[in-house]
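Reader: I should like to learn how descriptive terms for a protein model are justified. Please take me through them one by one.

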Amino acid sequence: MSRTSGLLAAAGIDKRFGANSVLRNVSLSLAPGEVHTLMGENGAGKSTLFRILAGIHQPDAGQISLDGAALDLRNPSAAYGHGIYLVPQEPALLKELSVAENMFLGMLPTRGRFPSRIDWKTIRGQAQDALSALGLDVDVRDDAKHLSIAQQQLVECAKALLRGCRIILFDEPTSPLTGREVGILFAIMRRLRGQGCTLGFISHRMEEVSEISDRVSVLRDGAVTDEVGRDGFDRARLVRAMVGREVIFDRRRVRREAQGEPVLSVRGLAHAPVFSGVDFDVRPGEILGFSGLIGSGRTEIAEAVCGLRAKSGGSVMLAGRDISTSSIGDIIEAGLVYVPEDRARHGVILPMSIRDNATAGQIGRLQRKSGILNRGREIAIANDTMHRYQVRARGIDQPAGQLSGGNQQKIVFGKWMSTNPKVAILDEPTRGVDVGAKDEIYRLIEELSAQGMAIVVISSELEELIVLCDRVIAIYGGKIAAELKGADVTAARVGAAFLGAEAH
Amino acid sequence: QMSIDTSKTIKVAMVPKLIGLSVFKANEQGAIEAAKSLNINFLYTGPVTASAQGQVDIINSLVARKFDAITVTSNNPTELAPSLKRAMAQGIAVVSYDSDVSPDARDFFIQNTAYPAMGKALVDSVEAYAGPNAQVAILSSTPDAAIQNAWLGAVKTYMAATYPNMKVVTTQYGQSSPSLSLSAGLNILHAYPQVTAIIAPDGAAEVGAAAAIEKLGMQGKVFATGASDPNSIRQYVKDGVIKASPLWDEVGEGKLVMYVARLAANHALKPDDTFTVPGLGTYTVNNKVIIFSEPLVFTAENIDKYNF
Amino acid sequence: MNSAATATSEPGHRAKPRPRRRELREVTLLVATFVVVLGVGALRPSFMSFSNIEFMVLSSVVLGLVGISQTFVIITRGIDLSVSAVLGLSAMVFGLLSTTSSMPLWQVLPLCMAMGAVLGCLNGFLVAWLKIPPIIATLGTYSLYGGLTFIYSNGLQVDQVSPDFAAFGNGNLIPFLPVPTPVLALIAVATAAWFVLNHMKFGRNILAIGNNAAAAYNAGISVRRTLLAVYTISGALAAFAGLVFVAYTGSATATTGTGDHVELQSIAIALIGGTAIAGGRGNLAGTVIGSVFLSVVITALVFLQVPAIWYSAGEGLMILAAVTLGARRSSNP
Amino acid sequence: MKYLFPRQPWDRALVAILVALFSGFCIFTPGFYDGFHGTLAITEEFLPFGFVALGLSVVILTGGIDLSVGSISGLAAVIMAILIKSYGLNTWLAVLLAIGAGGGLGWLNGQIITRLRVEPLIATLSTNFIYSSIAIALAGASPPYGFGPAFGELGTGALAGWVPVQLVIFIVLAIGFSGLITRTGYGRRLVMIGYNRDAAHYAGVSVASVERRAYCISGIMAAFAGIVLASYYDAVRADMGDILLLTSITMVVLGGISIFGGEGGILGVTLAVMILGVLRQGMLIAGFSDMVTTMLIGAILLSSIAIKNLFSSRGFDLGSIIRRLSSLRPPERMAPRS
Ligand SMILES: Nc1ncnc2c1ncn2[C@@H]1O[C@H](COP(=O)(O)OP(=O)(O)OP(=O)(O)O)[C@@H](O)[C@H]1O
Ligand SMILES: Nc1ncnc2c1ncn2[C@@H]1O[C@H](COP(=O)(O)OP(=O)(O)OP(=O)(O)O)[C@@H](O)[C@H]1O
Ligand SMILES: [Mg+2]
Ligand SMILES: [Mg+2]
């Protein structure tokens, strides 16, 4: 690894994808011993900029330099050569390989001359140590496909450390993490900063940004609109720079105790050993929160409720109808939808157009008797989704894959909401969504709930649950550990509950 | 009795079941020789796999290219008929040889050798060594191979009539593939230890059967016969795995095919007729069918006289 | 509802690590093979004779060799349909060479592998550089190489090979060990392949590429060169299999390999063996046992005196049974 | 009018190739142009491949494959022949039953794939073996032939002595399939599954039933191709369909349908059927041997897909081609998208 002090600078970077100009004359410099944060709306070009710095994309114009010396980052290996590592926005671990091997991917140590064999023992030992240092308790011999997204994210961090990289770029590392894991990650970042590493960071969460950053640059539409040091942090200023207008926060919804018959009621739902004995009700107009640790089984419970996953027992009643054995299509038709957390895999079909994605949840309804789709209604639905959620796109015929993560999320959200469900289960609805859009989505959730929709929000963000929910259920180890309502829904109580501390 | 009019150059194509098998190659060898003396512009063309569709495509292209005569040994008697009929309708002479097509789809058919004669030759070839009580396994090409089935029919008739104690214990297929024939041969020898003779009326099958016998060191205990060109089986004949193996002179047959094609294109041959081919002999046409020869039985003594 | 809580362990610690479930397809197959051998052997004792067992193993060698290289290719999320054409070309070229020239085997062997490597290399180039989906690229070269065989052979066929070759195909390399040379070759190749896949960087890179080529590239693995190498090896091994084929059977025609659909068979045994068609996971032991299994099944049908026309149905059913038995069930389609 | 001209660049390229090939053969190959009907009648030689390709397209769009089409068409033809010859059934009734049998065989493929969760490749490879055994057993040593002139019209007849019946049926079916894929809910589901089956599942699509129907369609089309072949030859053979598979796959892929599913359309497949068919027949008439023709078709498949890959992201206009050739930088890798 080259011994540099680690001042990584990009100057005058231009980048276009086809006709889409993503970065325009962007300059940025990351200094050693600092956490430099990039902020910006979805699609502003943050990930693209980091990818250029890590050698994954090549800029169309501009210059990257390290300690003043120009770098030619033709591919990611070139970047590693200079000690630059990107922890990607979506962790890309290799599913069928063990965790340990994933960590050493591309640099497997060998022993012996010829044939030089891979030194599995060293790999396992070092990998286990590196993960323990991050407080992650997994068996490194296990296949990576068994890890949750959060665990994968931490493994990515460990990979950077193992490689001895001194310039580490974190692209939205915290979005799949809960508060506790964020704490661990920040501790690691502080330690690295103390050691003089150069750290890049992307996040949409204002609190995190003010907690960890030494310097913040704001990108809007592919150009830097503001750069402030630690002393100049001002939430309003940053948001204005990002969005280009004022955004009012601190709008807290009046917490209500919903009355009336439950529209969704789940009893004794079980699928050993993941979850068991899950009972809960949701009433029309109510927003119920699911909190819990990563891996506590919230996603599994939600998927089981919605018929997406096998269950070994229990009943699910929707508006008085037993849907425990119905097919997913029928469940959606009956008015229960699940908006999945893993957007790229389950939410959006990247190569298909926005129109096709927005209407994907209700093909049956768009079909005439003859089986032919009603084009007019499709277009109407797609346009409506684009407007309602303010999707930034060229038009409804643009492939969803060309949108930024946040805009994809809006499409996903719209896709299920346009089926007019009675109950919606939203799994991490604002993951990777920028401040403006997040606010937008909160407003929409509240609006839908005011119209009488029953909503379940699964979130790892404490703030989100507190802002939105009337009632919060804490899941621990696949069981309901606590239920909080009314005045009990406070940061302290919810935080304690999902750690299992509220167990009676 | 007649001299052939060779004044006009004609185009004649020979379409084998597939290119890449030496039996058909031997026909080509004879045909090329004859074509020179008959003022024939000769083309040897066939499909790469033994498919009727491939032959049909080729026949259609020959029609479009205005050939004067097409000679063909067919993968399937009926599938080729429509395109051959179209060729005949355009005045093209059609001569089938080796494997026939339906009679209304060709002008003449040259049968290698009469079916009963071939059946008799095959049975006699094993009886002489494995005895009249031989337990016979049959290794053919495919279940619906027309000519093989005709021979095997003759084999069974002759066997039942002449050697009532001879028995066919199993019938296997080698798909005309050397490897599958070899496997089938080995399987026969393993699974049916009582077998003392293998009748394999197919080029690849006979070689496979002989190779199987040799691999298991059963020379002298099990005898193979079949219908293969001498080059393929020469070694096995010398090793004594194959004592006698009937076929016919493929090179000579190729010559005859060209003669008949020339005569047919000249409209000089009647459905029932006789004609003489220099160097081959006199042939009778019987209801458009010409029998090329009696079976020619290859043995260790005579095999070196033939090279095809 | 609070009463449902029973969690007691430390926060953040998973109650129990998920049990590591490994599908041991090779074991299932081995058991299945033994069941067939013993079952048929009970009915027809000669089925278990040494010579028959030797034959069954021997006749799986060619397929086993091709299956091994096919396994490597499938791990990369690829497929190589041209193996049968390469096999046929090699069988033809070296079969004819053995009859027309007096080249000794030790010269022919590297020549053969080199020819296969060149053909495989073209596949690799098409896949890795021109980004043609492997199934298409190798479908195209399948016709190309098949055509070359016809051009080269010009209608000739191989009926007999030199004694040198025949000894290689049938003899025992080690005199006191009653194992035919081709079987030894298969064992050697399989062992080497296992070592490469599990203990060498190259093998791990292949697996990484099969899992996620983009991520592997980002991790600094040269995806293109690795793919090129995989297809090159596939070609070389297919050519070697062709040589073994012609040495063992003593014959070759222009449709050797392609006519027997070695490409489909080799894919079948790789998949039977537990290699995932979606890439990223391979099982070499499964492939080798799978090839033996297939040849045992076919021979068993003969011993059971099933009429010959039903052999391929029997084969199809056994393949289905082999992939269905003990297969992992996932909850999502 | 707008709808008549293909919008996808690849389809346009295929149209250009077809026109060039066709006129090239007409001008330079004596015997190729054989009057209006005679030239159109060339399509009779390759449209059975096209019928199979249409059905196969549906399966490949889901990301699957059907290797059993060859044996299904052989088996269906044999079934039809036996129904006519041994049971004296009305010809057209027998045809319907045989097509139904093809659908049933395809449906069985679908069942094996979706219920037993066997990979399509291996499942249809196995059933290919099984179906062909059955066909051989049914056909016996001398398969039936001779089904009468009325039946022969299907394979060799011409409407009003002009347009081959096969061609008319193919065009109607191609339009139907195109509509099925682009206009119907079923088609939309099919494409969704091809691109991302998990996402389709989450959106409430019953993946298994869509797939089962796809294999059923493929079986029906394969059976129909077998019937057309039977009519063309006026005879059946158990292995009659064996040649169909590889060429049909080539047609589907050359037509622009991605072997990984989701992408592509029927127009491209239709054009590819015509291109490969005309090319093969034209080359044979021009005097090339079967072997050279086969090799050349392989080479054309490879080079056209390579060209398509190199240019598809940048368009096919001259400017981008020049830009492409002048910048030799390796194509950018798609990074995992955020
Ligand atoms: N490989 C690509 N091909 C085409 N367009 C791309 C590609 N990668 C990114 N884009 C486009 O570039 C723009 C910027 O994307 P980028 O992922 O950098 O945004 P971002 O700031 O990281 O947003 P988010 O906060 O949602 O992750 C988007 O409009 C996106 O559609
Ligand atoms: N290493 C592992 N060991 C055991 N079980 C695991 C492991 N990784 C994942 N799991 C299983 O998968 C589930 C984790 O999935 P996931 O993290 O998505 O759950 P979750 O509760 O939805 O959390 P979140 O939504 O916060 O990500 C756990 O419930 C557990 O059953
Ligand atoms: Mg991003
Ligand atoms: Mg979750």
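The exchange below sets values against definitions.

Author: This is a predicted model, in which local features need pLDDT of at least 70 and side-chain atom pairs count only at pLDDT 80 or more, while totals for chains, interfaces and linings use all residues. Residues are numbered from 1 along each chain as its sequence is written, chains are lettered from A and ligands numbered from 1 in the order in which they are written, and side-chain values use heavy atoms, with hydrogens and water left out.

Reader: Why is H12(C) called oblique to H13(C)?

Author: Helices (H or I, at least four residues) and strands (E, at least two) are DSSP runs, numbered from the N terminus. Axes are lines fitted to C-alpha atoms, for helices over the stretch in contact, and angles run from 0 to 180 degrees between N-to-C directions. Angles under 35 degrees count as roughly parallel, over 145 as roughly antiparallel, 65 to 115 as roughly perpendicular and the rest as oblique. Helix H12 (residues 262-272) and helix H13 (residues 284-303) of chain C pack at about 120 degrees, with axes 7 Å apart. The pair is therefore oblique.

Reader: What makes H15(A) roughly parallel to H16(A)?

Author: The axes of helix H15 (residues 405-417) and helix H16 (residues 435-450) of chain A cross at roughly 10 degrees and come within 12 Å. That angle makes H15(A) roughly parallel to H16(A).

Reader: Which residues of H15(A) meet H16(A), and how are the residues of this contact classed?

Author: A:Lys410, A:Phe413 and A:Met417 of H15(A) have contacts (heavy atoms within 4.5 Å) with residues of H16(A), including A:Ile441 and A:Leu444. The residues of this contact divide into seven nonpolar, no polar and one charged. Ala, Val, Leu, Ile, Met, Phe, Trp, Tyr, Cys and Pro count as nonpolar, Asp, Glu, Lys and Arg as charged, and the others, Gly among them, as polar.

Reader: Why is the pairing of A:Glu96 and A:Lys145 called a salt bridge?

Author: A salt bridge is a side-chain nitrogen of Lys or Arg within 4 Å of a carboxyl oxygen of Asp or Glu. The side chains of A:Glu96 and A:Lys145 meet at 3.3 Å, N to O, and so form a salt bridge. The pair ties together parts that are 49 residues apart in sequence.

Reader: How many salt bridges are there over all chains, and how many between chain C and chain D?

Author: The structure holds 44 over all chains, and the count between chain C and chain D is zero.
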